[in-house]
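I am opening a notebook on this structure and will write down what I looked up, one topic at a time.

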Amino acid sequence: MNAQTKKFRISTAVVLLSLIGLTETLTAQESGYKKNDIQPIDSTYFAKDRLKGRVIVVTGGARGIGRATAIRAAREGAAVVIGDWLAAQGESTAKYIRNEGGKALFVKTDIRSTEDCNRLIAEAVKMFGKVDGALLNAGVMDGTFSGDPFDYDKQFKLLPARMDEATDEYWNNVMDINVTGTFKSMRSVAKQLLKQGKGGAIVTVGSIAGLTGLAGNPAYVASKHAVNGLTRNAAIDYAPFGIRVNSVNMAATTTPMTDKAFAYVKEVKKRGIPGMGGAKTESLLMMNDTKHRMATVWEQASVILFLLSDEASNLTGALYPTDGGWTAY
Ligand SMILES: NC(=O)c1ccc[n+]([C@@H]2O[C@H](COP(=O)([O-])OP(=O)(O)OC[C@H]3O[C@@H](n4cnc5c(N)ncnc54)[C@H](O)[C@@H]3O)[C@@H](O)[C@H]2O)c1
């Protein structure tokens, strides 16, 4: 690897480290007062019957944040329709929900495809009669296929890199999924909600990368800013029809996506790339937690389901930083 490429990898590594909180952290001044860690919401907690009778579509529900949200939505009474391009894991989430006594359907979906997005909604209507809300969560951090194990040498050209080093393939893959896929899936949901004429709620998934810049991640940052732009645009277009649209924007949350970031950073370190650190690396809550814990998927599901529920009746067009205070400083 030449010196230039090394530099690009360093900035990328800083960002990925920041996502998973591996570098040195700022510590709070000793004040004499007792410090406390904040315990994450229990994975079994739910608001009984809050979504009773609702039909909620979840893209990217095979694993990670989407999976947890689908499971909790079903516990709260919703019928859940999961769309994902990982068939085995998507089926497994749906089965898990049904085994718990909930209602769930999996539809193999690639959100880059208009046909797939339309079929996802058509299958939801066929099975459960309607759609009330959607979590548009499917997304990628880099240009690799979600199901592929991390392989630095094979995937090098698809991994995040500074703009002057980034490949077309990396850019196109990330934009096709995060931007075009979110647009297409939102369009299919919106058409159905308009047809039904009873309003509804949509939550999109941005990231801290949708609210701030992050070094070495041009496609992810641009794509997540676009998700937030789409969210605001849709909120304006659909407010007259009683359809609310908001986004959640998380910092590091424990999922297969962050596992992959972790593997990437480990590999970069192994290859002896120096100079990491110096950038902001943790959210306020991670920084102050004795174990520097990341957010849990259940913490994300809490906010998402609140936004999909009637409790959020006055909220639309907002980009919620569900980021443990990352963007507060
Ligand atoms: N985990 C984090 O720290 C973090 C931070 C900020 C934002 N996010 C965002 O949260 C969302 C969920 O991520 P996660 O962390 O749970 O990651 P994940 O990789 O575990 O889950 C993402 C899911 O989306 C699916 N998906 C990706 N491309 C798809 C496509 N073209 N069609 C259908 N399904 C597709 C994947 O198969 C996977 O099931 C993503 O949009 C991600 O960008 C995550």
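**Entry 1, a tyrosine in a helix.** I began with Tyr264, which I found in helix α8. I noted first that the model is a predicted one. Was Tyr264 to be counted as buried or exposed? I counted 24 C-beta neighbours inside 10 Å, and because 20 or more are needed for the buried class, Tyr264 counts as buried. I then looked up its distance to Tyr152: the two residues are 112 apart along the chain, and their C-alpha atoms are separated by 7.1 Å.

**Entry 2, the chain as a whole.** I listed ten helices and seven strands as the secondary structure of the chain. Of its 329 residues, 50% count as buried. I also looked at contacts between residues at least 6 apart in sequence, and of these 78% join residues at least 24 apart.

**Entry 3, the sheet.** In what order do the seven strands lie? I read the order as β3-β2-β1-β4-β5-β6-β7, in an open sheet with parallel pairing. The edges are formed by β3 (103–108) and β7 (319–322), each of which pairs on one side only. From one strand to the next the twist averages 20°.

I then went through two of the pairings. Strand β1, residues 55–59, is joined by five bridges to strand β2, residues 79–84, and the two run parallel; within this pair, Val58 stands opposite Ile82 of β2. Helix α2 packs on the sheet, where I found it touching β1, β2, β3 and β4 (133–136), and its direction makes about 170° with that of β1. Helix α3, residues 87–99, lies across β2 and β3 and runs at about 170° to β3.

The other pairing I checked was that of strand β5 (residues 200–205) with β6, where six bridges join strands that run parallel. Val205 has Val248 as its bridge partner in β6.

**Entry 4, the cover of β6.** How many residues of β6 are buried? I found eight of eight for this strand, which spans residues 243–250. The cover extends to both faces of β6: on one side Ile243, Val245, Ser247 and Asn249 are buried, and on the other Arg244, Asn246, Val248 and Met250 are buried too.

**Entry 5, the nonpolar core.** The largest nonpolar core holds 87 residues, and I noted Ile56, Val57, Val80 and Ile202 as those with the most contacts inside it. Helix α6 gives the most to this core, namely eight residues. I followed Val57 further and, leaving aside residues up to four places away in sequence, found that it touches Val81, Gly83, Leu120, Ile121, Ala124, Val131, Ala134 and Val189.

**Entry 6, an alanine in α4.** I looked up Ala122, whose place is in helix α4, residues 114–128. It has 13 other C-beta atoms within 10 Å, and since a residue is exposed only at 12 or fewer, Ala122 is partly exposed. Ala122 and Ser188 are 66 residues apart in sequence, and I read 9.2 Å between their C-alpha atoms.

**Entry 7, positive phi values.** Most residues other than glycine have a negative phi, so I looked for exceptions. I noted Asp49, with a positive phi near 65°, in the loop between α1 (3–20) and β1. Asp49 is exposed, because there are 10 other C-beta atoms within 10 Å.

His292 also has a positive phi, of about 50°, although it is not a glycine. I placed it in the loop between α9 (284–288) and α10 (297–308). His292 counts as partly exposed, because it has 18 C-beta neighbours inside 10 Å.

**Entry 8, the ligand.** Which residues are closest to the ligand? I found 31 residues surrounding the ligand, the closest being Gly60, Gly64, Gly139, Thr255 and Met257. The elements that give two or more residues to this shell are α2 (64–75), α6 (168–196) and α8 (256–270). Sorted by class, the shell has 14 nonpolar, 13 polar and four charged residues.

Methods:
Residues are numbered from 1 along each chain as its sequence is written. This is a predicted model: local features need pLDDT of at least 70, side-chain atom pairs count only at pLDDT 80 or more; totals for chains, interfaces and linings use all residues. A residue is near a molecule or strand if its C-beta atom, placed from the backbone, lies within 6 Å of it. Ala, Val, Leu, Ile, Met, Phe, Trp, Tyr, Cys and Pro count as nonpolar, Asp, Glu, Lys and Arg as charged, and the others, Gly among them, as polar. Two strands pair if DSSP finds at least two bridges between them. Axes are lines fitted to C-alpha atoms, for helices over the stretch in contact, and angles run from 0 to 180 degrees between N-to-C directions. Two residues are in contact if their C-beta atoms, placed from the backbone, lie within 7 Å. A nonpolar core is a set of buried Ala, Val, Leu, Ile, Met, Phe, Trp, Tyr and Cys residues joined through C-beta atoms within 7 Å.
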